[in-house]
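Welcome! Please take a moment with the sequence and the model below, and then we will walk through some of its parts together.

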Amino acid sequence: MTTAEQQQPQHQFPHPTGSNSYGHAQDPEPHGHQPPHAPLSPLGPEIPPPEQEDFVTDTESMRSDYDEDFMETYSLSSSILDYQYENGRRYASFRSGNYMMPNDEEEQERLDLTHHIYLMLMGGELFNAPIKNPQKVLDLGTGTGNWAIDFADQYPGAVVVGNDLSPIQPAWVPPNVEFFVDDYESDWLEKMNAYDFIHSRNLAGCVVDWHRLIRQAYDHLKPGGYLELQESAVWAWSDDGTLKMDSPLMEYLMSLNDAAHMIGRELNIYIDLKPWLIAHGFEDVHEQTYILPFSPWPQDPRLREIGRVQAAMVEKAVEAYGLRLCTQVLGWSQERTKLMQGLVRQQLKDRSLHSYTKIKVAYGRKPLI
Ligand SMILES: C[S@@+](CC[C@H](N)C(=O)[O-])C[C@H]1O[C@@H](n2cnc3c(N)ncnc32)[C@H](O)[C@@H]1O
């Protein structure tokens, strides 16, 4: 019997030269179990040179960056609120096939717990990038908007824009936050060189073409602006052999990774953040890794507390991440899916299991010229 630590899943993003220029093969980090798949170019299509435009610095003119066509795109039509219901969960209707997770209250609670976990892990900080005096900020796939709202509170002089497929953000927010229903995978209609800071968190499995997304972010950042990507592994480890590869948790994670791969939305992209930023021309690229226990098993009081909140979050994540992937992509019955999820939850409650996952936070600066 092998442990999850010993048998690391394979990750098969190729390298531009055929050599290991991203360091994957030597990298002890696992990348999620993935079957062989078609090469994804680490750079994607050639990165166009950044557009030269004057910077916008005052708040009023920043708001006017949105022309009428743009506002029309974002108006909240009733069809956006025509949710879809499957297996007892509610899903977005706008571009709904694009996203595998629910958007109901249960899921919103999970997103709020996740926000809390990131704050605890990052010592109360919302980001790591060394930004100064941000004027205009974008949060991609903002979810319940917690990050954007907290950022707006901390920086009342900044305009913070959050977009998402689902209009699940609260109505009462600081005056300097705006939320739009939008698909970040389509062409961004805002002006180029507009943002001081672009942030995304937990979009693993929500993006088909990360290179296009990062390229659009690059184009829409002001020179000198920062992009920060915060992602969790969708994988588990233990250092003491208590997590076995043939346990329900690992079998479920492998199934989710296979399913996400089948629909072209890889889950374990946390490892690629830094190389992607470098490949797309960002400077001053930094990355930090955080260990996130799945339950309150660590001795360390801080990690134990984080594990307590993570256990509550994961209880919900087991279904949120897998219900559509298992039933729609893998073709499992609802019964089989629920049985598997029950076994995973049971395993995660076992205090003798010393399992954890990893969060990576990477940022980079768009060059000044
Ligand atoms: C796992 S949640 C993370 C939410 C938020 N970033 C956070 O950390 O709390 C992913 C979010 O991305 C949104 N999303 C997925 N695909 C999207 C797309 N193509 N365009 C815009 N939002 C998208 C989902 O609706 C969901 O709210």
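## A walk from helix 3 to strand 10

Just after helix 3, Gly 123 has a positive phi of about 60°. Helices (H or I, at least four residues) and strands (E, at least two) are DSSP runs, numbered from the N terminus. Please keep in mind that this is a predicted model, in which local features need pLDDT of at least 70, side-chain atom pairs count only at pLDDT 80 or more, and totals for chains, interfaces and linings use all residues. Residues are numbered from 1 along each chain as its sequence is written.

Helix 3 itself has 17 residues and reaches 24 Å from its first C-alpha to its last, close to the 24 Å expected at 1.5 Å a residue (1.5 Å times one less than the number of residues). Its buried residues are Glu 107, Arg 110, Leu 111, Thr 114, His 115, Ile 117, Tyr 118 and Leu 121. They lie on the same side of helix 3, because they cover an arc of only 165° around the axis; the arc is that of the directions from the helix axis to the C-beta atoms. Buried means that 20 or more other C-beta atoms, placed from the backbone, lie within 10 Å of the residue's own.

What covers this buried side? The cover includes helix 4, strand 6, strand 7, strand 9, helix 8 and strand 10. Contact here means C-beta atoms, placed from the backbone, within 7 Å.

Helix 4 (residues 146-154) has buried residues too: Asn 146, Trp 147, Ala 148, Ile 149, Phe 151 and Ala 152. These pack against helix 3, strand 3, strand 4, strand 5 and strand 6.

Now for strand 10 (residues 355-365). Nine of its 11 residues are buried, so strand 10 is largely enclosed by the rest of the structure. Its antiparallel partners are set out here; two strands pair if DSSP finds at least two bridges between them.

| Partner of strand 10 | Bridges | One bridge pair |
|---|---|---|
| Strand 7 (residues 221-232) | seven bridges | Ser 232 and Ile 359 |
| Strand 8 (residues 237-238) | two bridges | Ser 238 and Ser 355 |
| Strand 9 (residues 283-293) | nine bridges | Ile 291 and Lys 358 |

Finally, the ligand. Of the 24 residues around the ligand (C-beta atom, placed from the backbone, within 6 Å), Gly 141, Gly 143, Tyr 184, Arg 201 and Cys 206 come nearest. Helix 3 returns here, supplying three residues, the largest share of the shell.

Note on methods: Buried ≥ 20, exposed ≤ 12 C-beta atoms within 10 Å, placed from the backbone. Contact = placed C-beta atoms within 7 Å.
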